[in-house]
Amino acid sequence: MQFHHHGYVSGEPRVQNAAGTGIDRPAELPDRMDVLIVGSGPAGMLLAAQMSQFPSVTTRLIERRDGRLPLGQADGIQPRSVETFQAFGFAERIIAEAYNIGYMNFWNPDPENPRNIIRTTRTEDYGLKISEFPHLIVNQARVLDYFAEAAAYGPARITPDYGIEFLGLTMHGDGEYPVDVRVRYAAGERAGEERTVRAKYVVGCDGARSGVREAIGRKHVGNFAAHAWGVMDVLVNTDFPDWRTKCAINSAAGNILHIPREGGYLSRVYVDLGEVAADDNHQVRRTPIDEIIRKANEILHPYTLDVKEVAWSSVYEVGHRVTDKFDDVDVDQGHDPRVFLTGDACHTHSAKAGQGMNVSMQDGFNLGWKLGHVLTGLSPSSLLSTYSAERQPVAQQLIDFDREWSSLMARKPEEISDPQELATFYLGTAEFPSGFMTQYGPSPIVGGAEHQELASGFPVGKRFMSSEVVRVCDGNAVHLGHHARADGRWRVYAFADAPTAGEPSALTDWAGFVASPEGPIARHTPAGADLDAVFDVKAVYQQSYEDVEITRAPEIFLPKVGPLALTDWEKVYAAQPNAWTRTDIFEERGLSRGGVVVVVRPDQYVAAVLPLTATEELAAFFSQALLDQRVVAATR
């Protein structure tokens with residue numbers, strides 16, 4: 001963790017210096033703002049944490065509740081989300097308090113006594129098989145707490161404006177602040193008071209009954225399945241042997257998905273309440289908790305649950321819906337979007353696949369850096385059109401996956417021909433629920449696959465899959481991707497050809513171009529900003545760290561940053577294993593020994609793979625996504 005580059009820090013290093021709008025930030029919601037976030041769920045809080053890294057942007061978040069969420073409904077944290085937590089600086093802490101899913105066991109009716117259940121399969125969880133990050137269970141409220149901390153500790157010092165509810169919005173279509181938003185104070189001394197504020201952009205993170213979605217005329221497309229589930233967080237005594245292991249349980253009486261929670265005692269239990277009559281009119285949602293507990297005991301027979309406390313419970317019917325578009329602009333309207341939808345506001349599904357919070361956070365991550373880039377003048381406003389284009393297909397994939405998973409979970413014993421089918425599906429589709437299957441298509445911020453063979457382990461459009469390297473300055477083995485923070489910067493990884501630092505090479509020539517007056521750094525970095533303010537450029541040499549003389553590396557890999565112009569020593573790496581690592585990233589990720597450049601977006605997705613010699617192609621790629629700051633400066 002680097003934190004002295006702006007001067008000596010003796011306190012909490014996660015608290016960054018306040019800057020811009022974070023200095024003397026007004027407590028009262030202002031009349032005008034750049035970004036108004038509606039709702040403090042996972043997408044909204046991640047978005048606030050990301051926008052806190054853009055202190056020149058005025059960002060506010062309103063939430064109807066009068067304070068933090070005390071108990072969240074979501075709890076499953078997929079490896080991609082933990083990877084995201086790493087970028088925001090709190091992965092290690094949340095892992096320490098979470099429940100780590102190591103196994104998932106499957107139970108089915110005993111063939112000799114179908115009224116009883118028996119364990120039929122033990123499967124290792126997919127998490128650590130496909131990522132260095134685990135698959136966790138932790139209360140949604142704690143996730144929001146950590147993002148709230150990141151937002152408050154960022155330079156913009158963003159904190160939620162609690163007790164303010166969204167009433168509606170009106171689009172003007174012109175002017176600097178084209179969106180009028182009506183709000184009402186829902187708590188405190190001003191409760192009941194209404195006012196109108198103006199914003200450049202509005203983001204609806206306000207859940208399945210989104211007022212923002214309704215205000216821009218977007219519709220949920222889909223329906224509810226005729227099947228209901230009860231869900232409860234409970235503290236129990238039981239003789240069921242797998243109570244602290246995640247389980248899918250199928251019995252003659254119905255089905256249970258059982259998920260142990262953090263803290264060692266709490267568990268979440270999804271209980272199959274069966275088919276819902278066509279004329280039920282949602283009456284099943286009134287099923288009392290005693291009936292859910294009775295049904296759970298019937299399914300678990302011959303085991304029993306003695307419920308000591310119910311922390312939370314609910315009943316829901318499985319719904320699969322996707323909003324027709326995730327922003328306010330229809331095709332050929334001639335302007336860029338101003339209002340966006342994220343999370344449950346634009347996609348809803350069952351809770352059992354553990355995807356709601358995870359996909360919602362990636363919505364916020366995708367949108368946040370784009371808003372930051374546009375509002376700080378780094379990118380054209382057309383960049384914002386890529387949000388809906390990228391995230392809507394992901395939501396549809398989620399719905400398709402969840403529909404199949406929910407159907408398998410709800411089967412009756414007589415409908416099961418292969419007792420291993422659910423376990424096979426669970427493991428065979430691991431990449432999707434883990435969050436690693438998302439692949440964005442070609443666009444101004446995702447290049448083509450013409451040079452993919454140079455880096456087969458870094459598919460263009462998919463998230464950057466980290467690997468261990470050796471940091472040359474100190475010989476420590478570190479994960480290359482873990483050094484990247486959610487600070488809005490592009491990552492450019494230059495994997496060297498055979499010569500080491502200081503010798504003539506394609507890497508040296510490439511570095512010379514990148515640092516030249518015609519290179520992307522000079523073209524797209526604002527005047528007066530640090531050399532690495534927009535691009536975090538790193539070199540990975542093929543040699544061992546003992547064979548790389550760091551001071552002979554090109555200057556672009558040793559930039560001087562901050563007000564003291566201190567050298568950043570942590571941008572030069574070696575691939576050859578040492579005592580602390582046994583992997584060579586060139587071999588592990590299929591990298592060309594002739595060298596290759598991998599460009600990674602601020603949200604950790606691979607944007608381009610290019611040979612070291614393709615300097616003009618690199619410049620052209622960035623010219624699609626970023627504005628020429630020399631031109632921007634000349635027009636001011």
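The following legends describe close-up views of a predicted model.

**View 1. A salt bridge within helix H7 links Arg-294 and Glu-291**. The closest N and O atoms of the two side chains are 2.9 Å apart. Helix H7 covers residues 289–300, and because Arg-294 and Glu-291 are three residues apart in it, about one helical turn separates them. Arg-294 is partly exposed, at a relative accessible area of 42%. Glu-291 is also partly exposed, at 29% relative accessibility. This bridge is one of 51 salt bridges in the structure.

**View 2. Glu-518 and Arg-630 form a salt bridge between a loop and a helix**. The N to O distance is 3.9 Å, which falls within the 4 Å cut-off for a salt bridge. Glu-518 belongs to the loop between helix H12 (506–514) and helix H13 (520–524), while Arg-630 belongs to helix H16 (residues 629–635), so the contact ties together parts that are 112 residues apart in sequence. Glu-518 is partly exposed, with 45% relative accessibility. For Arg-630, likewise partly exposed, the relative accessible area is 37%.

**View 3. Arg-601 and Asp-603 pair in a buried salt bridge**. The side chains meet with an N to O distance of 2.8 Å. Both Arg-601 and Asp-603 are buried.

**View 4. A network of salt bridges links eight named side chains**. The acidic members are Asp-487, Asp-532, Asp-536 and Asp-568. The basic members are Arg-489, Arg-491, Lys-538 and Lys-571.

**View 5. Strands S26 and S27 form a hairpin**. Strand S26 (residues 596–600) runs antiparallel to S27, and four bridges join the two strands. Within this pairing, Val-598 stands opposite Val-609 in S27. Five residues lie between the strands, and Gln-604 in the turn has a positive phi of about 80°. Strand S27 spans residues 606–610, and five of its five residues are buried, so the strand is largely enclosed by the rest of the structure.

**View 6. Cys-205 and Cys-346 are not joined by a disulfide**. The structure holds zero disulfides. For Cys-205, the nearest cysteine sulfur is that of Cys-346, 8.9 Å away. The closest cysteine sulfur to that of Cys-346 is in turn the one in Cys-205, and 8.9 Å is too far for a bond, because a disulfide requires the sulfur atoms to be within 2.5 Å. Cys-205 is buried, at 9% relative accessibility. Cys-346 is buried as well, at 0%.

**View 7. Trp-369 and Trp-490 form an edge-to-face aromatic pair**. The count of aromatic pairs in the structure is 23. In the pair shown, the ring centres of Trp-369 and Trp-490 are 5.6 Å apart and the ring planes stand at 85°, so the arrangement is edge-to-face. Trp-369 lies in helix H8 (residues 356–375) and Trp-490 in strand S21 (residues 490–495), so the contact ties together parts that are 121 residues apart in sequence. Trp-369 and Trp-490 are both buried.

**View 8. Phe-464 and Tyr-493 form a stacked aromatic pair**. The ring centres are 4.7 Å apart and the planes are at 10°, so the pair is stacked. Phe-464 is in the loop between helix H11 (431–434) and strand S19 (468–471), and Tyr-493 is in strand S21, so this pair ties together parts that are 29 residues apart in sequence. Phe-464 is buried, with a relative accessible area of 6%. Tyr-493 is buried too, at 2% relative accessibility.

**View 9. Six aromatic residues form one cluster**. The phenylalanines in this cluster are Phe-85, Phe-88, Phe-90, Phe-147 and Phe-365. Tyr-146 is the tyrosine of the cluster.

**View 10. Arginine side chains sit over the aromatic rings of Tyr-201 and Phe-436**. The charged end of Arg-338 is over the ring of Tyr-201, at 4.8 Å from the ring centre. The charged end of Arg-463 is over the ring of Phe-436, at 3.7 Å from the ring centre.

Notes
Residues are numbered from 1 along each chain as its sequence is written. This is a predicted model: local features need pLDDT of at least 70, side-chain atom pairs count only at pLDDT 80 or more; totals for chains, interfaces and linings use all residues. Side-chain values use heavy atoms; hydrogens and water are left out. Buried means under 20% relative accessible area, exposed over 50%, partly exposed in between (1.4 Å probe, protein chains only). Two strands pair if DSSP finds at least two bridges between them. Rings of Phe, Tyr and Trp (its six-membered ring) pair if their centres lie within 6.5 Å; planes under 30 degrees apart count as stacked, over 60 as edge-to-face and the rest as tilted. A charge sits over a ring if NZ of Lys or CZ of Arg is within 6 Å of the ring centre and within 35 degrees of the ring normal.
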